[in-house]
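Here are a few short exercises to work through with the model open beside you. Try each task before reading its solution.

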Amino acid sequence: MTNPKDIANNFNKHFIEIGRNLASEIPYPSNGKSFDTFMSRSNSKVKLQRVEESKVLKLLTTADSAKATGYDKIPNKLLKIAAPYIYQSLTSLFNLSIETNTFPNKLGIAKVSLLFKAGNHNDKDNY
């Protein structure tokens, strides 16, 4: 396989199916109990707390400049340089999102990069 799109689709299919495949190999409890016996549903709700300007400033200034950009394509180096000028506005935006329970859809997007571990390059489990 040499076409980059085919390679990406093949890896994507593998990693989408791996959880289901592994779960199917877990033996059913032999004592006749269902898995629900070992779990209980929680009625608690997650409550996010307001963020402090000092924490936002610290995170911006300590960001690793060597890390790749995220979905927003803003390099960490630029965030570090701009931190003293933008941290207050960013803190206000973060807190407004928390207070209104409104978050940008783009925050749910992850940039995933495969890293080869060791062994056969053709074995998808080695990534």
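**Exercise 1. Describe the largest pocket: its volume, its lining and the helices that contribute.**

Step 1. Start with the size: the largest pocket has a volume of about 740 Å³. A pocket here is an open set of points on a 1 Å grid over the protein atoms alone, where a 1.4 Å probe fits, with protein on both sides within 12 Å along at least five of seven lines. Grid points are joined across faces, edges and corners, and the volume is the space filled by probe spheres set on the points.

Step 2. Next, list the lining, meaning residues with an atom within 4 Å of a point. The largest pocket has 21 lining residues, and Asp 72, Leu 90, Phe 94, Pro 104 and Leu 107 lie nearest its centre. Helix H2 (53–61) and helix H3 (76–100) are the elements that give two or more residues to this lining. H3 gives the most, with 6 residues.

Step 3. Sort the lining by type: 16 residues are nonpolar, 2 polar and 3 charged. Ala, Val, Leu, Ile, Met, Phe, Trp, Tyr, Cys and Pro count as nonpolar, Asp, Glu, Lys and Arg as charged, and the others, Gly among them, as polar.

A word on the source: this is a predicted model, in which local features need pLDDT of at least 70 and side-chain atom pairs count only at pLDDT 80 or more, while totals for chains, interfaces and linings use all residues. Residues are numbered from 1 along each chain as its sequence is written, and side-chain values use heavy atoms, with hydrogens and water left out.

**Exercise 2. Place Gln 88 in the fold and classify its accessibility.**

Step 1. Look at the whole chain: it has 3 helices and 0 strands, in the pattern α-α-α. Helices (H or I, at least four residues) and strands (E, at least two) are DSSP runs, numbered from the N terminus.

Step 2. Gln 88 lies in helix H3. Its relative accessibility is 42%, so Gln 88 counts as partly exposed (buried is under 20% relative accessible area, exposed over 50%, partly exposed in between, with a 1.4 Å probe and protein chains only).

Step 3. Now find a partner in space: the C-alpha atoms of Gln 88 and Glu 53 are separated by 6.0 Å, though 35 residues apart along the chain.

**Exercise 3. Is Leu 114 buried or partly exposed?**

Step 1. Find Leu 114 in the segment after H3.

Step 2. With a relative accessible area of 39%, Leu 114 is partly exposed.
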